[in-house]
Amino acid sequence: MFKLIKIVGSGVNVPEPVKAAIPASNYIPAGTPIFFESGGLITTADDENPATHITLSDTQPDGSIMVFEITPNMLFETVLEGDPNNLGIGSKVALSCDSEGISRAVAPSPQGRLTVHDVSITKFDGDKIIVKF
Amino acid sequence: MIIYSKSTGLNNSAIGKLETPIKMIIEHESDVLTKRGGICDWLFNVERSNKFGETIIGQNEFDVFQAALEGAGAENDVISETYRKFIEHIQFMKEFTITAEMMEDANYGVAQDAKRRAENFTRAYYKTMNKICEFALANATESTGSFAKAKLDLTTGDGLPLFSASHTYGIDKNADCVQSNLFHGNIFKSGTDGVYSTAAFEEALGELSIKLRNMKDENGEPLGYTADTIILPGNRPAAETIVKKVCGSEGTLGGNYNDINLQFGNWNIIVMPTWQSEDDRVMIMSSEANKNLSGNMFFNRVPLTVSSWVDNHTGNYIWNGRCRFGVGFGTYKHILLAVDGNTAVNGSTAL
């Protein structure tokens with residue numbers, strides 16, 4: 001899960017939400033990075049398709065989901081899955097296979113923008129980490 | 001998530017969007033950490049500050065007088081600063097946003113009741129104070145720790161972590177002027193097979209108390225403070241039971257003798273709920289030494305202040321809570337940590 005914790009340099013910490021259509025059978029939880037395929041279909045982002053939005057709610061029974069657009073000054077808190085492997089501030093990272101965190105085991109794609117923003121101590125598998133898209 | 005709003009679908013019951021009657025709304029499940037008078041007040045000296053940080057300075061004092069022959073002159077003595085500890089305040093903040101529609105439509109909770117909003121900030125404030133104090137003590141075998149994105153300095157005036165086997169004292173700071181407040185040994189268990197034993201703890205507690213009493217001042221003299229507080233992790237039931245039995249029994253434990261229990265009635269036992277330890281360990285502290293020597297310090301620079309405003313662009317209501325305080329250890333001589341086991345932990349001294 002990617003939790004928006006701050007919008008740097010902004011007077012507010014919350015984004016403007018957007019309501020998008022999604023089949024009720026396609027369950028995507030809140031805090032998932034997504035992108036819109038051609039035709040407007042929401043799909044979970046991966047290392048091939050960088051995230052453009054994050055879900056603000058779970059898929060709703062009425063076939064909708066709240067999302068917000070990712071801007072460069074947003075800071076997200078997520079989980080490091082796996083070994084840190086010389087992780088540092090500014091390290092370019094990729095989403096983990098389940099897109100619920102980041103993982104050094106997945107090679108970041110050239111068009112991906114996910115970088116580590118954390119300024120605190122050494123991270124280990126399972127620790128929270130702050131990233132920017 | 002992020003905004004307290006209707007559209008996330010996470011707060012439907014607050015706006016009455018449910019088909020069943022509400023019997024109870026549980027907004028807080030425990031008051032353990034969220035009230036005034038918790039661990040912070042029990043174990044730390046809480047003081048105000050009106051500067052960017054506070055420094056605790058230690059110095060030695062005059063030694064004994066030296067004999068002099070008739071007509072001879074007096075020997076010289078010297079006073080000098082022997083240690084210095086600076087504790088800097090850290091700013092802590094929290095923000096909370098509710099959409100205008102939620103403020104208009106909510107039937108209960110933070111969106112409907114202003115008292116709830118204030119109460120939530122207060123609870124979080126006390127939770128921060130108590131948890132940071134617990135964290136500082138529980139992790140003080142390290143030099144630094146990270147709590148809520150704050151880097152905490154867990155060292156004392158000699159630059160070593162609060163619990164260390166190599167603390168220094170005095171002007172000379174040579175290899176002889178070293179003392180330990182980090183121990184390991186048969187604290188809760190006895191024998192080679194390591195069976196829990198009240199007799200073992202009764203003996204260990206006596207030894208640890210005397211270790212603390214013999215902690216040396218900056219002149220190398222024993223301080224003589226009486227230990228009166230036992231601090232335990234929250235998740236070690238066998239150790240906790242033994243401690244309570246030893247402190248609460250009039251007679252000596254685990255034997256056939258009719259001796260009195262010297263530890264009876266002398267101790268306050270404090271269990272730190274968020275200190276979850278992987279082994280049996282215990283802290284012994286003298287509250288008098290803690291107070292006199294500025295041991296565990298909590299400096300309140302700015303108490304909680306909450307401001308609120310409306311974002312005109314979105315109509316969202318925003319609350320922002322802010323406080324500043326500093327946490328640190330002015331000295332190490334008021335407290336010690338003992339780990340059960342025969343292997344050294346972080347270089348601990350064998351008991």
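The following legends describe close-up views of a predicted model.

**View 1. A salt bridge joins Lys6(B) and Glu101(B).** The closest N and O atoms of this pair are 2.7 Å apart. Lys6(B) belongs to the segment before helix 1 (39-43) of chain B, while Glu101(B) belongs to helix 2 (residues 100-105) of chain B. The pair thus links distant parts of the chain, 95 residues apart. Lys6(B) is partly exposed, because its relative accessibility is 26% and the buried class requires a value under 20%. Glu101(B) is also partly exposed, with a relative accessible area of 48%. A search of the whole structure finds 14 salt bridges over all chains.

**View 2. Asp153(B) and Lys85(B) form a salt bridge between two strands.** The N to O distance between their side chains is 2.6 Å. Asp153(B) lies in strand 6 (residues 150-153) of chain B, and Lys85(B) lies in strand 3 (residues 81-88) of chain B, so the salt bridge ties together parts that are 68 residues apart in sequence. Asp153(B) has a relative accessible area of 33% and is therefore partly exposed. Lys85(B), by contrast, is buried, at 4%.

**View 3. Asp340(B) and Lys189(B) take part in a network of salt bridges.** The side chains of these two residues meet at 3.0 Å, N to O. Because Asp340(B) is in strand 17 (residues 335-340) of chain B and Lys189(B) is in strand 10 (residues 189-190) of chain B, the pair connects parts that are 151 residues apart in sequence. Asp340(B) counts as buried, with 12% relative accessibility. Lys189(B) is partly exposed, with a relative accessible area of 21%. The network also includes Arg236(B) and Asp280(B).

**View 4. Four strands of chain B form an open sheet with mixed pairing.** The order of the strands is 1-15-16-4. Strand 1 (45-48) and strand 4 (90-98) stand at the edges; each has a single partner strand, so one side of each has no neighbour in the sheet. On average, neighbouring strands are turned by 30 degrees against each other, direction ignored.

**View 5. Strand 15 and strand 16 of chain B pair in the antiparallel sense, and helix 3 packs on their sheet.** Strand 15 (residues 296-310) and strand 16 (residues 317-329) are paired over twelve bridges. Which residue of strand 16 is the bridge partner of Phe299(B)? The partner is Gly326(B). Helix 3 (residues 114-138) of chain B touches strand 4, strand 15 and strand 16 of chain B. The direction of helix 3 makes about 25 degrees with that of strand 16.

**View 6. Phe201(B) and Ile230(B) belong to the largest nonpolar core.** Nonpolar side chains tend to be buried together in soluble globular proteins. The largest core here has 62 residues, and Phe201(B) and Ile230(B) touch the most other members. Helix 3 of chain B supplies the largest share of this core, eight residues. Leaving aside neighbours within four places in sequence, Ile230(B) is in contact with residues including Phe201(B), Leu205(B), Val243(B), Cys247(B) and Trp267(B). Asn268(B), Ile269(B) and Ile270(B) are also among the contacts of Ile230(B), as are Val282(B), Met283(B) and Ile284(B).

**View 7. A second nonpolar core is separate from the largest one.** This core has 22 residues. Among them are Phe2(A), Leu56(A), Ile70(A) and Ile102(A).

Note on methods:
Residues are numbered from 1 along each chain as its sequence is written. Chains are lettered from A and ligands numbered from 1 in the order in which they are written. This is a predicted model: local features need pLDDT of at least 70, side-chain atom pairs count only at pLDDT 80 or more; totals for chains, interfaces and linings use all residues. Side-chain values use heavy atoms; hydrogens and water are left out. A salt bridge is a side-chain nitrogen of Lys or Arg within 4 Å of a carboxyl oxygen of Asp or Glu. Buried means under 20% relative accessible area, exposed over 50%, partly exposed in between (1.4 Å probe, protein chains only). Two strands pair if DSSP finds at least two bridges between them. Axes are lines fitted to C-alpha atoms, for helices over the stretch in contact, and angles run from 0 to 180 degrees between N-to-C directions. Contact means heavy atoms within 4.5 Å. A nonpolar core is a set of buried Ala, Val, Leu, Ile, Met, Phe, Trp, Tyr and Cys residues joined through side-chain atoms within 4.5 Å.
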